[in-house]
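Thanks, everyone. Please have the sequence and the viewer open while I talk.

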Amino acid sequence: MNLDLNLFLRMLGIDSTSGKEREFACFLEKELPTGKCSVSRFEVGDGTVNLLLGWGEPDIVFCSHLDTVPPYIPPTAEMETEGGNRSAGSTPETLAEAAESGHDLIIKGRGSCDAKGQIFAMYSACRQLEAEGCTGFGLLLLAGEETGSFGAKSFRTAHPGGRVVIVGEPTDNRMVSASKGTKSFLVTIKGKSFHSGYPQYGESAVEKFVDFMNRLRKTEFPEDPLLGRTTWNVGKLSSDNPQNILSPELSFRLYFRTTFASDSEVCRLMESWKADDVEIEAFGGDTPMGYRILDGFETATVSFGSDAPQLSNFNDRILYGPGSILVAHTLSEYIRLSDLRQAAANYVKMFHTLVDIPARK
């Protein structure tokens, strides 16, 4: 299957970090249509848009997201050799020559792995299916996945969906059997401001935060036989007190990766830890989810979230894509040309497999 590397580089050359993805959507709306597919635009309501390309009435839909995490990193490419990597430049001519020589290419830049690589592989699969004369499939491109799946939530109310959605995320070209859920909380801890030379007369919100975190670290959540341990992370930590004044207030976001065994337990625990000096506001999230898997594909479980749980307007959901989550969101994000080729071929295989088997109710 021939891949249009020039198109991929042009995709990577557009800054579509979250909040800026509309420009990227407009580029794709202009560049991707082949004359044999319809194009529909859906306003999300926050200045971003979703796009749906349809070949016939799309019943099996390939889907990935338009936005990427900051900071923007422009694309570069290297040719992989047995002795290591050497720069191959990033011009379309050099890339094509390197690819035709039989060497693999390592393509770097923001979105190469998450998720412009998925969009590119899915679009390449759509072009192949179009060349084979197939219909009944589509390519759905959603805004805002990295900041709360706002595009997916908007789309499920604006469109009836279909039989199957194949969501593209970096899964090392393995079909995901299950993914962890997410639960987010805003925690505000109250203290009493006082001169730090006389701490006995005040209450430090920072010290209370330390106590809170030590209590959380000692909490044992049930081990899940499929998804393993429950993990959590602290973000947006803030206590804007001078260094010589006890902190009167501290706030932070607490973000859990939950399992089938722990999802409801996390919510109960956070509710029980509310107190006069500890405010906890729940922001919801996704529940752990199982996915459709097909024979003939390597499988895995993942700990990251995606748009898939929000796309409840589809009867079945599949999670699969090229690239590694271990390099997604990093400054060294990259993807291999060989992985893109394999993903495109496997997306075509998935379509033919799904067409040949009865729909699940």
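I'll go through the pocket, then two helix pairs, then some backbone geometry. Keep in mind that this is a predicted model.

Pocket first. The largest one has a volume of about 1,000 Å³. Its lining counts 34 residues. Which of them lie nearest the centre? Those are Glu-146, Gly-148, Thr-182, Tyr-255 and Arg-257. Four elements each give two or more residues to this lining: helix H5 (150-158), strand S10 (181-190), strand S11 (231-238) and strand S12 (249-258). S11 has the largest share, with 6 residues. What about the chemistry? By class, the lining of the largest pocket splits into 16 polar, 9 nonpolar and 9 charged residues.

Next, the helix pairs. Start with H1, residues 5-12, and H2, residues 21-31. Their axes come within 10 Å and cross at roughly 160°. Angles over 145 degrees count as roughly antiparallel, so that is the label for H1 and H2. Their crossing is right-handed. On the H1 side, the contact uses Leu-7, Arg-10 and Met-11. On the H2 side, Phe-24, Phe-27, Leu-28 and Glu-31 take part. By class, that contact has 5 nonpolar and 2 charged residues, and no polar ones.

Second pair: H4, residues 116-131, and H8, residues 337-356. Here the axes come within 8 Å, and the crossing angle is roughly 50°. H4 and H8 are therefore oblique to each other. This crossing, too, is right-handed. From H4, the residues in contact include Phe-120, Ala-121, Met-122 and Leu-129. H8 meets them with residues including Leu-340, Tyr-347, Val-348 and Phe-351. The contact of H4 with H8 divides into 11 nonpolar and 5 polar residues, with no charged ones.

Now the backbone. Most peptide bonds are trans, and most residues other than glycine have a negative phi. Here are some exceptions to look at.

Where are the cis bonds I want to show? One joins Pro-70 and Pro-71, with omega about 0°. Pro-71 sits in the loop between strand S3 (60-65) and strand S4 (76-81). Another cis peptide bond joins Asp-114 and Ala-115, with omega about 5°. Ala-115 lies in the loop between strand S6 (104-108) and H4. H4 is the helix we just saw crossing H8.

Last item: Asp-172. Its phi is near 60°, a positive value in a residue other than glycine. Asp-172 lies in the loop between strand S8 (162-167) and strand S9 (175-179).

That's my list. Over to you.

Notes:
Residues numbered from 1 in each chain as written. Predicted model: local features only at pLDDT ≥ 70, side-chain atom pairs only at ≥ 80, totals over all residues. Heavy atoms only, no water. 1 Å grid on protein atoms, 1.4 Å probe; cavity = no way out; pocket = protein on both sides within 12 Å on 5 of 7 lines; lining within 4 Å. Points joined across faces, edges and corners; volume = space filled by probe spheres on them. Nonpolar A, V, L, I, M, F, W, Y, C, P; charged D, E, K, R; others polar. Axes fitted to C-alpha atoms, helices over the stretch in contact; angles between N-to-C directions. Parallel < 35°, antiparallel > 145°, perpendicular 65-115°, else oblique. Left-handed = near helix turned anticlockwise from the far one by under 90°. Contact = heavy atoms within 4.5 Å.
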